[in-house]
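Hi,

Here's the structure I said I'd pass on. Have a look at it, then read my notes below.

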Amino acid sequence: MTHIPVTSEGQIVVTPFAPALGAEVRGIDLADGLDEQSYQAIRQALLRYQVLFFKEQTEIAAETHVEIGRMFGDLHMHPAAPQMSGHPEIFVIHAHKDSKVANGEFWHSDVSCDEEPPLGTMLQLHILPEVGGDTLFANMYAAYEALSEPFREMLSGLTALHESEHVYRGRYSDRGVEDHGKTYPQAVHPVIRTHPETGRKAVYVNRTFTTRINELSEPESKAILECLFDHCEHVDFQIRYRWERYDVAFWDNRCAMHRAIWDYWPAERQGRRVTIKGDRPS
Ligand code: SIN
């Protein structure tokens, strides 16, 4: 895709972040909410750039965050994470000196273990470590387009199992979540999905949730998945985002993966995210 240097939509200015993917958005403070014109501009920019970084923001109230998320679709309730009191649609991202895990430490597309995995996720960070805590994003259209034609053809008929038991069981126990007797989701999705809005093809497997290619033997599945994970995580398809306080990142889970780097222990990093429901991948 060709990037244009600067796009102006009303008061919103969208500037590409890197050739791989991403754009910075200025001229709007999401804490004030979103009007229809800005919503349309942001929706188009998200489809074009896959992840948007809203700069020069102030703290978004939880209600406003939920309202903005709802403009893009119904909100997704996380199957495992603790809910914010009074705002069950908000997932609080929090890691500190006593944390056993930090969220999103390995490459993934959010909750790809759901039958209808999220369209997008909007995260604002309120507490940042002095250094570190960056997030990586990777372009899964580019990963698809870089595959050879025979390999793409083989993958196009395959489906993969995405599981979450191994990811979520006991994960949030240090935040008071008791999951005894709970069943965590799993789903089968095409290995290559077509984005429902852009019509472009993207690789849709990730190291966190994808455990098996259904149509292959166990050793074949293991080898092909490992090859795809390595390919999708190649630095050519990536950006690394260094956060500033109150920045908001909004990413499209249907065509981008991400990974949050926990290199700042014992420092603290905290924020809130809303996640927008998506379609069944096809
Ligand atoms: C996530 O939602 O996967 C976490 C992203 C981040 O904390 O940067």
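**The largest pocket**

By class, eight nonpolar, six polar and four charged residues make up the lining of the largest pocket. (Nonpolar means Ala, Val, Leu, Ile, Met, Phe, Trp, Tyr, Cys and Pro; charged means Asp, Glu, Lys and Arg; the others, Gly among them, are polar.) Keep in mind that this is a predicted model: local features need pLDDT of at least 70 and side-chain atom pairs pLDDT 80 or more, while totals for chains, interfaces and linings use all residues. Residues are numbered from 1 along each chain as its sequence is written, and side-chain values use heavy atoms, without hydrogens and water.

The largest pocket has a volume of about 230 Å³, which is the space filled by probe spheres set on grid points joined across faces, edges and corners. A pocket here is an open set of points on a 1 Å grid over the protein atoms alone, where a 1.4 Å probe fits, with protein on both sides within 12 Å along at least five of seven lines; lining residues have an atom within 4 Å of a point. Of its 18 lining residues, Gly 104, Val 167, Arg 171, Thr 208 and Phe 209 are the closest to the centre of the largest pocket.

**The ligand**

Among the residues surrounding the ligand (a heavy atom within 4 Å) are His 108, His 258 and Arg 273. Each has a polar side-chain atom by a ligand oxygen (polar contact: N or O atoms within 3.5 Å): 3.0 Å for His 108, 2.9 Å for His 258 and 2.6 Å for Arg 273.

Cheers

How values were computed: A polar contact is a pair of N or O atoms within 3.5 Å; within protein, one must be able to donate a hydrogen and the other to accept it, and residues adjacent in sequence count only if both atoms are side-chain atoms.
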